[in-house]
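Work through these exercises with the structure open beside you. Try each task before you read its solution.

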Amino acid sequence: DLGRDLAVASIRSTIVDVPTVRRHKLSSLSVTAQSYVVLEVRLANGVVGVGEAATLGGPRWSEESVEAIKANIDAYLAPALLGLRADCLEVAGARMDAAAKRNSAAKAALETALLDAVGHALGVPAALLMGGIVRDRVPVFWTLASGDPSQEIEEAEGKLAARLHDRFKIKVGAQAPEKDLARLRRLTAALAGRATLIVDANQAWDETMAVRCLPVLAELGVILVEQPLPAWNVAGMARVRGRSTVPLMADECVFTPHDMLAVAQAAAADVVSLKLVKHGGLLGLRKVAAVAEAAGVGLYGGCLLESSIGAAAHLQAFATLRDLGWGCEHFGPQILTDDLAVAPLRFENFHVHLPQGPGIGVELDRDKLRRYARA
Ligand code: MUC
Ligand code: MG
């Protein structure tokens, strides 16, 4: 019987550290390796599903570190799922919420692994279990974040020439605004007419600084500015938005559907960045997307530099959204020196392609998992 077959039998969590091809600098942190918790959920019928929780710079992008994610999964979240039918995803979510507050990256990785396992057991892609696909590829941004404009122009030229990316997100806020604006002037001059540019300040500015910088960004042709103010300052973001001709994107200020509702009610954003680590899973991501849709807020497929495992999970959810007007930024697999999947995701013609196959669509390479596992 299906119920008995799909019962969660065991859950294994592994911390991995994978080097990046260059230093990646955000406003308040920089990384030369990406750390993930990779989960393998085994069902009673022997089918295994995988999931991945991404972090950025330890517990500095959000409050979850890989050490905390693994500890809370092992001690609280995994025990809450043992014996449960893997296809009862809402029940799994409720049990996890009862077992631990927040911990959205940990919960997302577990839900991904359940969905992957169910997909494998039934022989269907995860997207089919969430309404079916609207698209099988998504335009994909690359992030310029070395902080050195000469290197960044060369990197962008390489991506354009290879027809991998023609839209770029530029990280600002690690240096003084005048320096960032000078850097942006160089980048926009070099790439004008050939690339679409957006900017992510990762909460670095205050209201006066944002009001001062945004007209310059507008004049430089930047088409979207992400999280200019601290996550707590939703009212400030609404005021900045009221004075800006460049649309604003909410990132760190929207984790839950309630956050999305508050941002929409405050009229604080034009677009929201959707990420598994914030929304607690694929179902949660779709709930945040639904609130955004109801409020007329545009959708952008965000990332936290996931490997092909986490990126594939996002693509399964993104594939089901009716209008993903702003594309996605799942370039993560390409910034790693190595891939955790047997067959990497396909990047071609400025798009990342939805992998075909059951579950999340990619298979974990267990040799790689062992190679990058933290001792
Ligand atoms: C963020 O804040 O958007 C995503 C891409 C990137 O370069 O940094 C992340 C996090
Ligand atoms: Mg961001």
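**Exercise 1. Find which helices supply at least two residues each to the lining of the largest pocket, and say which domains it lies between.**

Solution.
Step 1. Keep in mind that this is a predicted model.
Step 2. List the helices. They are α3 (89-99), α4 (104-122), α9 (257-265), α10 (276-279) and α11 (282-295), and each gives the lining of the largest pocket at least two residues.
Step 3. Pick out the main contributor. α3 provides the largest share of this lining, with 6 residues.
Step 4. Bring in the domains. The lining of the largest pocket takes residues from both domain 1 (2-128) and domain 2 (131-365), so the pocket lies between them.

**Exercise 2. Describe the space in the largest pocket and the residues around it.**

Solution.
Step 1. Start with volume. The largest pocket holds about 480 Å³ of space.
Step 2. Look towards the centre. The lining has 20 residues, and D97, P257, H279, G280 and G284 are the closest to the centre of the pocket.
Step 3. Sort the lining by class. It has 7 charged, 7 polar and 6 nonpolar residues.

**Exercise 3. Work out which side chains make polar contacts with ligand 1, and how much of the ligand the protein buries.**

Solution.
Step 1. Survey the surroundings. There are 15 residues around ligand 1, and those that come nearest are H24, W61, K169, N202 and K275.
Step 2. Apply the cut-off. A polar contact needs a pair of N or O atoms within 3.5 Å.
Step 3. Check H24. An N or O atom of the H24 side chain is 2.7 Å from an oxygen atom of ligand 1.
Step 4. Check K169. Here the distance from a side-chain N or O atom to a ligand 1 oxygen atom is 2.8 Å.
Step 5. Check T143. One of its polar side-chain atoms lies 3.3 Å from an oxygen atom of ligand 1.
Step 6. Turn to area. Ligand 1 taken alone exposes 280 Å², and the protein buries 100% of that.

**Exercise 4. Count the cavities of 30 Å³ or more, then describe the largest one.**

Solution.
Step 1. Count. The structure has 3 cavities of 30 Å³ or more.
Step 2. Give the volume. The largest cavity has about 90 Å³.
Step 3. Name the residues at its heart. Of 16 lining residues, K169, K171, C303, L305 and E329 are the closest to the centre of the largest cavity.
Step 4. Sort them. The lining has 7 nonpolar, 6 charged and 3 polar residues.
Step 5. Assign domains. Domain 1 (2-128) and domain 2 (131-365) each give this lining at least three residues.

**Exercise 5. Place the second largest cavity.**

Solution.
Step 1. Give the volume. The second largest cavity has about 50 Å³.
Step 2. Inspect the lining. Its residues include E52, A108, T112, L276, E306 and H314.
Step 3. Link them to helices. α4, α10 and α12 (308-318) are the elements that give two or more residues to this lining.
Step 4. Sort by class. The lining divides into 5 nonpolar, 3 polar and 2 charged residues.
Step 5. Conclude. Domain 1 (2-128) and domain 2 (131-365) both contribute lining residues, so the second largest cavity lies between them.

Notes: Residues numbered from 1 in each chain as written. Chains lettered and ligands numbered in written order. Predicted model: local features only at pLDDT ≥ 70, side-chain atom pairs only at ≥ 80, totals over all residues. Heavy atoms only, no water. 1 Å grid on protein atoms, 1.4 Å probe; cavity = no way out; pocket = protein on both sides within 12 Å on 5 of 7 lines; lining within 4 Å. Points joined across faces, edges and corners; volume = space filled by probe spheres on them. Helix = DSSP H or I, 4+ residues; strand = E, 2+ residues; numbered from the N terminus. Nonpolar A, V, L, I, M, F, W, Y, C, P; charged D, E, K, R; others polar. Domains from an automatic or database assignment. Near = heavy atom within 4 Å. Polar contact = N/O pair within 3.5 Å; in protein donor to acceptor, adjacent residues only side chain to side chain. Areas by Shrake-Rupley, 256 points an atom, 1.4 Å probe, with all protein chains shown as cover.
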